[in-house]
Amino acid sequence: MSGFKEPNFADRQKAAAEARQKILDKFRARPAADDPAIKAREAERAAAAASRAKTKEAREAEKAEKKRREAETAAAEAVRIAKQKQEEAARHAALEVEKKAQRDARYAARKDRGKKKK
């Protein structure tokens, strides 16, 4: 059984040159830019990109519509809350007026009782 033979400088240089040549041959074997297969592939890619752009645009339009509806809903809710607070404040003011009238009536009744005793 023979042992491992360590490659010398010439062997390494030859292997590197062969690798470079393989890469060069692979590059040269590529089809030209005007090849029908390449043009078809580019057309497919362009169509796919257009489709993606169309889908993205539709999605963004849908998001914008959703945001607009949410803003309308929020505005309507804010109006409803403001109206509710205004009604509550009016109710509270009416209640205060009623309480004051009751206090005034009690005060007047107490005053009248005091005058009758004398």
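## Close-up views of a predicted two-helix chain

**View 1. The whole chain, with few residues tucked away.** Of the 118 residues in the chain, buried ones make up 1%. Please keep in mind as you look around that this is a predicted model. The chain has two helices and zero strands. Its radius of gyration is 46 Å, well over the 13 Å that the globule rule gives for 118 residues, so the chain is more spread out than a compact globule. Along the principal axes, the C-alpha atoms fill a box of roughly 140 × 50 × 25 Å.

**View 2. The surface and its charges.** The chain exposes about 11400 Å², and carbon and sulfur atoms supply 57% of that area. How far apart are the mean positions of the positive and negative charges? For the 35 positive and 21 negative charges of the chain, these mean positions are 11 Å apart. Side chains of opposite charge can pair when their charged atoms come close. In the whole structure, a search finds six salt bridges, and the next three views visit some of them.

**View 3. Glu-72 meets Arg-68.** These two side chains form a salt bridge, with 2.4 Å from N to O. Why are Glu-72 and Arg-68 separated by about one helical turn? Both belong to helix α2, which covers residues 36-117, and they are separated by about one turn because they sit four residues apart in that helix. Glu-72 counts as partly exposed because its relative accessibility is 46%. Arg-68 also counts as partly exposed, at 39% relative accessibility.

**View 4. Glu-88 and Arg-91.** Here is another salt bridge to zoom in on: the closest N and O atoms of Glu-88 and Arg-91 are 2.6 Å apart. Both residues lie in helix α2, three residues apart, which amounts to about one turn of the helix. Is Glu-88 buried or partly exposed? With a relative accessible area of 44%, Glu-88 is partly exposed.

**View 5. Asp-104 with Lys-100, and a network elsewhere.** Asp-104 pairs with Lys-100 in a salt bridge whose closest N and O atoms are 3.2 Å apart. The two residues lie four apart in helix α2, about one turn of the helix. Asp-104 counts as partly exposed at 39% relative accessibility, and Lys-100 is partly exposed with a relative accessible area of 44%. Which residues are joined into one network by salt bridges that share partners? They are Glu-65, Arg-68, Arg-69 and Glu-72, so do look back at View 3 for the bridge between Glu-72 and Arg-68 described there.

**View 6. A patch of positive charge.** Five residues to find on the surface are Lys-99, Arg-103, Arg-106, Arg-110 and Arg-113, which gather in a patch of positive charge. One of them, Arg-113, lies in helix α2. Arg-113 counts as exposed because its relative accessibility is 51%, and the cut-off for exposed is over 50%.

**View 7. From Ala-49 to Glu-62.** Ala-49 is found in helix α2. At 34% relative accessibility, Ala-49 counts as partly exposed. How many residues apart in sequence are Ala-49 and Glu-62? The two are 13 residues apart in sequence, and their C-alpha atoms lie 20 Å apart in space.

Conventions. Residues are numbered from 1 along each chain as its sequence is written. This is a predicted model: local features need pLDDT of at least 70, side-chain atom pairs count only at pLDDT 80 or more; totals for chains, interfaces and linings use all residues. Side-chain values use heavy atoms; hydrogens and water are left out. The radius of gyration is taken over C-alpha atoms; the globule rule is 2.2 Å times the number of residues to the power 0.38. Buried means under 20% relative accessible area, exposed over 50%, partly exposed in between (1.4 Å probe, protein chains only). Accessible areas come from the Shrake-Rupley method with a 1.4 Å probe; for residues, only the protein chains shown count as cover. Lys and Arg count as positive and Asp and Glu as negative; His and the chain ends are not counted. The place of a charge is taken as NZ of Lys, CZ of Arg, CG of Asp or CD of Glu. A salt bridge is a side-chain nitrogen of Lys or Arg within 4 Å of a carboxyl oxygen of Asp or Glu. Patches are made of residues with over 30% relative accessible area and no salt bridge: like charges are joined within 9 Å, nonpolar side chains (Val, Leu, Ile, Met, Phe, Trp, Tyr) within 5 Å.
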